[in-house]
Amino acid sequence: MPNAYEIITDTLLTYQQQVINLAKLGENTDTTIPYNPEFKKAIEEGDICDLFEGALPYRPRYIAPDYKILMEKGSAFLELDPPNDIWEATNALMIMYRHVPSVTTFPVYLGALDELLNPFITDEKEAEKAIGLFLLNIDRTLNDSFVHANIGPRDTLAGRLILRQTEKLQTAIPNLTLKYDPELTSDEFASLSASVMLSTAKPSFANHRMFVSEFGERYVIASCYNGLRLGGGGYTLPRLRLNNIAKRAVSIDQFMNEILPHYVDLMNEYMDQRINFLVEKSSFFKSNYLVKEGFLNQKDFIGMFGLVGLAECCNTLMHVSDSNQGYGHASNVDDLGVTIIQHLDNLVAKHKAPYSENSGDRYWLHAQVGIEKDGPDSSPGCRIPIGSEPEIYKQIKHSTRFHKYFPTGIGDIFRFDETWKKTPEALVDIIKGALNSGMRYFSGYCASNDVIRVTGYLVKKSEIAKLDRKEAVMNDASVLGQGSRDLAHAFDRRVQK
Amino acid sequence: MFSAPVNRIIPFSSVDGPGNRMAIFLQSCPFQCWYCHNPETINMCVHCGICVTSCPSDALHLIDGKVVWNSSACTQCDTCIKICPYHSSPKITWYNVTEMMTKIAEVKPFIRGITLSGGECMNYPEFMQGIFTQTKKMGLNCLIDSNGYRLFSEYPELMKVCDGVMLDVKAVNPEFHLQLTHHTNENVLRNLDDLLLMGKLEEVRIVVLPGYDAHNRETIIYVAEHVKSHVKIKLLTYRPYGVRKEGLEKLGISMPSEKTMESYRQLALESGASDVIIL
C-alpha cells in the first residue's frame with residue numbers, strides 16, 4: 001500500500017482515485033478487529049488474499065438495492081418523488097447511484113434497467129435519447145468497470161434500446177448481463193445480445209434458470225459476474241489462493257485432510273469477525289437510508305467464500321509441469337479438481353455463518369477472477385490457464401463440471417474472430433448448449449475490438465494505451481487491465497475461428 | 001459398416017449452413033474447378049512419398065508403401081499439401097459411422113445440425129446415410145454441401161434423412177462448365193430441378209468469376225428464374241487465396257469489386273429471386 005505522500009504526488013491517479021486510496025490508508029490504521037495472527041501470516045505469504053477490503057468494514061462489499069422502490073415510492077432521504085417519465089426515471093437513478101456505496105465506492109449494481117425503464121417509454125425516439133444519455137452519464141461518472149447493469153430475461157423495447165445504445169457508445173462501463181432463459185427470452189433478443197456482445201464485449205449471458213433455482217426470482221448479477229440477492233448483496237469476499245496452498249502439501253491426502261481445512265478455518269473466522277462487526281457495530285445497517293427505506297434487507301446479504309488458482313493447484317498436486325497436459329486436458333487432473341471443490345464446499349457448509357439466515361446459514365462459494373498482481377501462475381477461479389485452452393466445446397464441458405458449486409459467481413470467457421459477427425444466431429446456439437449443459441455464465445468478445453473483457457470486467461484498449469503513455473484515465477479499472485495484460489497475459493486468450 | 005476418408009472436421013462452424021454446426025469434409029472430388037480453394041481435397045493419396053521427405057516436423061512416414069500421418073507431431077504447416085503434385089493430402093483419416101458418431105456426440109449440445117461437405121461428399125452416399133440416419137434421430141438438422149455431380153434422385157433413402165442440399169452451380173453453359181470443372185453440368189442442372197421439386201434445396205451458390213461476365217450473367221439468370229423466391233442464392237466473390245497456378249492463370253489475382261457483385265445481385269433479383277446475398 002503506498003503512503004499518503006506517494007498517493008498525493010502520483011500523476012497517474014485522478015483526484016477521485018486519490019481520495020479513495022487515502023480513505024483506505026486511513027481505514028487501515030485501525031486495529032479494532034483482532035484478526036488471527038495465523039490469518040495475517042497467510043495473507044503475507046500469499047495463501048489467502050483479503051482483496052484489499054480494509055481493516056474495518058463500514059459497508060458491505062457489494063450492495064444490490066431494489067431500485068424498483070425508487071420508481072414506485074421515490075426516496076425520503078434523497079428527497080425524490082416517484083418519477084413520471086423517462087427523463088425523471090433516468091435522472092432519479094443517476095442521483096441514487098451517487099449514494100450507493102461498495103468496496104470500490106461505486107455502485108456495483110445498477111438495477112434491471114430494462115424492467116425499471118420500460119414502463120416509462122411512450123415515444124421510442126425520445127426514450128432512446130434518454131437511455132443513450134443515461135448510459136453515457138454512467139460511463140463518465142461511475143468510473144469503474146465493476147459497475148454492472150442487468151437486462152432480460154424478457155424481450156422489451158427498453159432492453160433493445162439499451163443494447164442499441166450500448167453498441168453505439170462502445171464504453172467499458174457499465175458491465176452488462178442478459179439473464180437468459182431460452183423459454184423466456186426470444187431468439188431475436190438473444191441474437192441481438194450476441195451481436196452486441198461481439199461488437200462491445202457485453203452483455204454476458206447468465207443462466208437464468210440456474211440462478212432462479214438457487215436464489216429465487218429476486219437475484220442480480222453484480223460487479224464481475226457475482227450472483228447476489230436483490231435487496232441484499234455480499235458482505236465480504238476473501239479468497240483462498242489454491243495455487244500457493246498446494247505448494248505446501250506433501251501429498252493429496254494431506255492437502256485434503258490437513259492443509260485445506262486449516263485455511264478454510266482461517267477464512268471462516270475472518271469472515272465471521274468482519275460480518276459480526278459490520279452488522280453489530282458499524283452504522284451501515286443501523287442508519288443508512290438504503291436500509292431504513294427498504295432498498296436493502298440485511299438478511300439478504302451473503303458472505304462470499306472466494307478461491308483462485310484451482311488449475312495450478314491441481315497441476316501441482318499431480319506433478320504436472322506442462323499446462324497443456326494437465327488441468328483442462330487430462331481427465332484425472334480434472335477429476336481431482338472436482339473432488340477438491342466438492343470437499344471445499346462440504347468444509348464451508350459445515351461452518352455456521354453469522355447473519356446468513358436467508359442463505360442456509362453458510363457462506364457461498366465464489367470463483368474469483370483474480371487480480372493483476374496474481375501473475376501468470378494463478379488462473380481465475382476454476383478456469384483453464386490462458387494459452388492452454390482446449391477447443392471451445394471441451395472448454396465449455398470442463399466449465400460445466402464446476403459451475404454448480406458457485407452460486408455467487410463463476411464464469412468463462414471466449415474470444416471469437418470477426419466471422420462470428422455475421423452469424424450471431426450461431427453463437428446463440430453455442431450459448432444455449434453451454435447453459436443447458438450446466439454452464440452458469442458465458443462471456444464473449446471479438447479479438448479486434450477496443451472494448452474487451454479482461455478477467456470479469458471490461459476495459460478499453462485505448463484507455464490502457466493512455467496509461468502506457470503515462471496519462472491519467474477516468475476508469476479506475478484500466479490500471480487493473482494493464483496489470484493483467486502485462487503480468488497474466490489476459491489479452492492472449494485462444495481465438496475461436 | 002461404411003466408412004469414408006475425412007479431410008477435416010470443424011466442430012463449430014458458422015458458415016456451413018444455418019446456426020452453429022459441425023462441418024465434415026470428405027476427401028476426393030470429381031470436379032477440378034479452376035478456382036478451387038482446397039485443391040488438396042480433390043484426389044486420394046497415391047502414396048508416392050514425395051511429401052514424406054519434405055515434412056519439417058517428421059510427422060509423415062512411409063510404412064509398408066503407405067504414407068502415414070502422425071497427427072500429434074504435425075504442426076499444420078501444410079508443406080505436404082503445397083508440395084503434393086496430385087492435389088491430395090496425406091492428412092486423411094478414415095472414419096466409420098460409429099467413430100464419426102462419437103465425434104458428433106461430443107458437440108451435440110452446442111450445434112443445430114451437421115453439414116457433410118468435401119471434396120464431394122456424395123462420393124460416399126452410404127456413409128452419409130449411416131450418419132444422417134442417426135443424427136436425424138438426435139434432432140440435428142442434416143445438410144449436404146454438394147457440387148451436384150451425382151443425381152440425388154438416385155438416393156431416395158439418403159434424401160429421406162437429409163434436410164436439404166446446398167448446391168453449387170458452377171456454370172450453366174455446358175461447354176464452359178466442362179472447361180471450368182473438367183465435367184459436364186447435366187446432372188447439376190437436373191439436381192437443381194429435382195431438389196426444388198423434392199423441397200430439399202437449401203440454397204444455391206454461384207461463384208462470380210472476374211472476366212467472365214457473360215457466363216456469370218447466364219448462370220445467375222438461369223438459377224434465379226428457377227428458384228424464384230423459394231430458395232436463397234449466395235453469390236460468392238471469387239478469391240484468389242489457395243487457388244492453384246492453373247486457376248490463377250485463367251482467373252487472375254483480383255477479386256470482383258463490391259459494385260460488380262451488387263450489380264449481379266440486382267440481376268438475380270430482377271430475374272425473380274428474392275433472397276440473394278453476397279459473400
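Start by selecting residues 331–350 of chain A, which form helix α16. With 20 residues at 1.5 Å a residue, α16 should span 28 Å, and its end C-alpha atoms lie 29 Å apart, so expectation and model agree. Keep in mind as you go that this is a predicted model.

**Two sides of one helix**

Stay on α16 and color its buried residues: A:Asp334, A:Leu336, A:Gly337, A:Ile340, A:Ile341, A:Leu344 and A:Val348. Why do they sit on the same side of α16(A)? They cover an arc of only 155 degrees around the axis, which puts them on that one side. There is a general pattern to recall here: an α-helix has 3.6 residues a turn, so residues three or four places apart point the same way.

Now give a second color to A:Ser331, A:Asn332, A:Asp335, A:Gln342, A:Asn346 and A:Lys350. These are exposed residues, carried on the face of α16(A) turned away from its buried side.

What covers the buried residues of α16(A)? Show these parts of chain A, which are included in the cover:

- helix α12, residues 252–280
- strand β11, residues 304–308
- helix α15, residues 310–317
- strand β12, residues 364–367
- helix α17, residues 392–400

**A stop on α12**

Next, pick A:Asn257, found in helix α12 of chain A. Is A:Asn257 buried or exposed? A:Asn257 is exposed, because it has 12 other C-beta atoms within 10 Å, and a residue counts as exposed at 12 or fewer. For a sense of distance, add A:Gln482 to the selection: the two residues are 225 apart in sequence and 38 Å apart in space, C-alpha to C-alpha.

**The whole of chain A**

Zoom out and show chain A as a cartoon, with its 20 helices and 17 strands. The radius of gyration of chain A is 22 Å, close to the 23 Å that the globule rule gives for 497 residues, so the chain is as compact as a globular protein of that length. Its C-alpha atoms fill a box of roughly 65 × 55 × 50 Å along the principal axes. Buried residues make up 52% of the 497 residues in chain A. Of the contacts in chain A between residues at least 6 apart in sequence, 78% join residues at least 24 apart.

Try coloring chain A by domain: domain 1 is 1–30, domain 2 is 35–60 + 231–410, and domain 3 is 64–225 + 411–497. The C-alpha centres of domain 1 and domain 2 of chain A are 28 Å apart. Where these two domains touch, 4 residues of domain 1 of chain A are in contact with 4 residues of domain 2 of chain A. On the domain 1 side, the touching residues are 3 charged, 1 polar and no nonpolar.

**Crossing to chain B**

Bring chain B into view and look at where it meets chain A. The contact takes 16 residues from chain A and 12 from chain B. On the chain B side, the elements giving two or more residues are β1 (3–13) and α3 (97–107). By class, that side has 7 nonpolar, 3 polar and 2 charged residues.

Chain B is divided into domain 1 (3–40 + 93–278) and domain 2 (45–83), with C-alpha centres 29 Å apart.

For a last stop, select residues 258–270 of chain B, helix α10. Its 13 residues should span 18 Å at 1.5 Å a residue, and the end C-alpha atoms are 18 Å apart, which agrees. Following α10(B) you will find B:Gly272, whose phi is positive, near 115 degrees.

How values were computed
Residues numbered from 1 in each chain as written. Chains lettered and ligands numbered in written order. Predicted model: local features only at pLDDT ≥ 70, side-chain atom pairs only at ≥ 80, totals over all residues. Domains from an automatic or database assignment. Contact = placed C-beta atoms within 7 Å. Nonpolar A, V, L, I, M, F, W, Y, C, P; charged D, E, K, R; others polar. Helix = DSSP H or I, 4+ residues; strand = E, 2+ residues; numbered from the N terminus. Expected span 1.5 Å × (residues − 1). Buried ≥ 20, exposed ≤ 12 C-beta atoms within 10 Å, placed from the backbone. Arc of directions from axis to C-beta. Rg over C-alpha atoms; globule rule 2.2 N^0.38 Å.
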